[in-house]
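Here are some notes on the model, set out point by point. They start with the burial of one helix and move outward from there.

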Amino acid sequence: MSLGSFIRKQFIDILQWNEDREGVLAWRHPMEDFEIQYGASLTVRESQMAVFVNEGKVADVFGPGMYKLTTQTLPVLTYLKNWDKLFESPFKSDVIFFSTRLQLGRRWGTAQPITVRDAEFGMVRVRAFGVYSYQIADPGLFYREISGTRDVYTVDDLEAQLRNMVVAAMTTALGSSGVPFIDMAANQGQMSERIAASLAPLFERYGVKLDNFTVENVSLPEELQKALDTRISIGMSGDLGKLTQYQTASSIPLAAQNEGGIAGIGAGLAAGAALGHTMAQGLGQAVAPATMPANPAAAPAAGAAAGAAAGAATQADPVQRLQQLKALADQNLITAAEYDAAKAEILKKLTS
């Protein structure tokens, strides 16, 4: 290699970044043992910005376009280098390119459950996750606060910091929202907007613009989720009497599968009448322990008494009884044959 060829390789006359690697936010043009030629061409592509750094200080910032590097196009650098006259010799400066493309579909999530106070369940631990997008808006500030003198700064390098801010904002939002967990699904859009508003100024401190933020899901620990599923399935508010009603109604289809159908739940007609009484009271308020006979030998007498009470209740309000039976049949909690038999029994008592 000739001396002239070697010398020519020490000067840079074209500065550009081809972005041949995914996930790079900042890339420093190799400058070791090189100087930038006076009048060199700088090419900044769409979705890029370039920053000239002189002795650790941000000088000139260039947006998309093609530039010829002179004192007119490098006013800040000219001032920092005290070029009071037109310079025509090569010069040293760091040139860093930044990608300003939107970084879409970046995922965030709580590594550990967040403990919050819930209006319905008290202190609960919740997890949350979603997506967000951002872009570099101020490369000079981003260089000073984040990327610094590194040759390459990637999306993964940045997002470890961003996710911490997201989770901190999420924790604050959940803890101060006052929205019960069971209502959060209907308020996720509002929650997303609230968190985005609190995150935007934090991102701006680093020269980053938050483009979009979405909460996709907020979930409970498994044991609490099971309790909530049971609560949703009965459509009640946790009242034990209503839970007993639900459990009684749920047991009817199972009993109907046994030999003798509904009447086979107990010992003969008296027990069947007792069950009728339970259903006649709105699917049964829980039978108080005090009504149970202390002496097992008195069980037949207790069954007969329950049957008599059921008959009295049937005669007292047959219309309500028939309506309740019809509701059970419509919900497939009893069979059509059982409904017809019970209805016939009521009508028989009315006409006897």
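1. In this note, buried means under 20% relative accessible area, exposed means over 50%, and partly exposed covers what lies in between. The model is a predicted one. By that cut-off, seven of the nine residues of helix α3 are buried, so α3 is largely enclosed by the rest of the structure. The buried residues of α3 are Pro139, Gly140, Leu141, Phe142, Tyr143, Ile146 and Ser147.

2. What lies at the two ends of α3? At the N-terminal end, aspartate 138 acts as the cap, with a side-chain oxygen 3.3 Å from the backbone nitrogen of glycine 140. Just after α3 comes glycine 148, which has a positive phi of about 60 degrees.

3. The chain as a whole holds twelve helices and twelve strands. Of its 352 residues, 37% are buried. Among contacts with a separation of 6 or more, 68% are between residues 24 or more positions apart. The exposed surface of the chain is about 19800 Å², and carbon and sulfur atoms supply 54% of that area.

4. One open sheet is built from five strands in the order β5-β4-β7-β2-β11, with antiparallel pairing. Its edge strands are β5 (57-62) and β11 (152-154), each of which pairs on one side only. From one strand to the next, the twist averages 20 degrees. Within this sheet, β2 and β7 run antiparallel and are joined by three bridges. Arginine 28 stands opposite isoleucine 96 in β7. Helix α3 (residues 139-147) packs on the sheet and touches β2, β4 (48-54), β5, β7 and β11; the direction of α3 makes about 100 degrees with that of β7.

5. A three-strand open sheet has the order β1-β3-β6 and mixed pairing. At its edges stand β1 (11-15) and β6 (65-68); each has a single partner strand, so one side of each is left without a neighbour in the sheet. The twist here averages 15 degrees from one strand to the next. The strands β1 and β3 (residues 35-44) run parallel, joined by four bridges. Across that pairing, isoleucine 12 stands opposite isoleucine 36 in β3. As background, strands of a sheet pair through backbone hydrogen bonds, either parallel or antiparallel.

6. How many salt bridges are there? The count is eight. One of them joins the side chains of arginine 28 and aspartate 94, at 3.6 Å from N to O. Arginine 28 belongs to strand β2 (residues 24-28) and aspartate 94 to strand β7 (residues 94-99), so this pair ties together parts that are 66 residues apart in sequence. Both residues are partly exposed: arginine 28 has a relative accessible area of 24%, and aspartate 94 has one of 26%. A network of salt bridges links Arg28, Asp94 and Asp151.

7. Another salt bridge is formed by arginine 107 and glutamate 216, whose closest N and O atoms are 2.7 Å apart. Because arginine 107 lies in strand β8 (residues 103-109) and glutamate 216 in strand β12 (residues 208-219), the pair ties together parts that are 109 residues apart in sequence. Arginine 107 counts as partly exposed, at 45% relative accessibility. Glutamate 216 is also partly exposed, at 36%.

8. Arginine 150 and aspartate 157 also meet through their side chains in a salt bridge, at 3.0 Å from N to O. Is this pair buried or partly exposed? Arginine 150 is partly exposed, with a relative accessible area of 42%. Aspartate 157 is partly exposed as well, at 29% relative accessibility.

9. A last residue to look at is glutamate 159, in helix α4 (residues 155-177). At 3% relative accessibility, glutamate 159 counts as buried. Leaving aside residues up to four places away in sequence, glutamate 159 touches Arg106, Tyr132 and Tyr134.

Definitions and conventions: Residues are numbered from 1 along each chain as its sequence is written. This is a predicted model: local features need pLDDT of at least 70, side-chain atom pairs count only at pLDDT 80 or more; totals for chains, interfaces and linings use all residues. Side-chain values use heavy atoms; hydrogens and water are left out. Helices (H or I, at least four residues) and strands (E, at least two) are DSSP runs, numbered from the N terminus. Buried means under 20% relative accessible area, exposed over 50%, partly exposed in between (1.4 Å probe, protein chains only). Contact means heavy atoms within 4.5 Å. Accessible areas come from the Shrake-Rupley method with a 1.4 Å probe; for residues, only the protein chains shown count as cover. A salt bridge is a side-chain nitrogen of Lys or Arg within 4 Å of a carboxyl oxygen of Asp or Glu. Two strands pair if DSSP finds at least two bridges between them. Axes are lines fitted to C-alpha atoms, for helices over the stretch in contact, and angles run from 0 to 180 degrees between N-to-C directions. A polar contact is a pair of N or O atoms within 3.5 Å; within protein, one must be able to donate a hydrogen and the other to accept it, and residues adjacent in sequence count only if both atoms are side-chain atoms.
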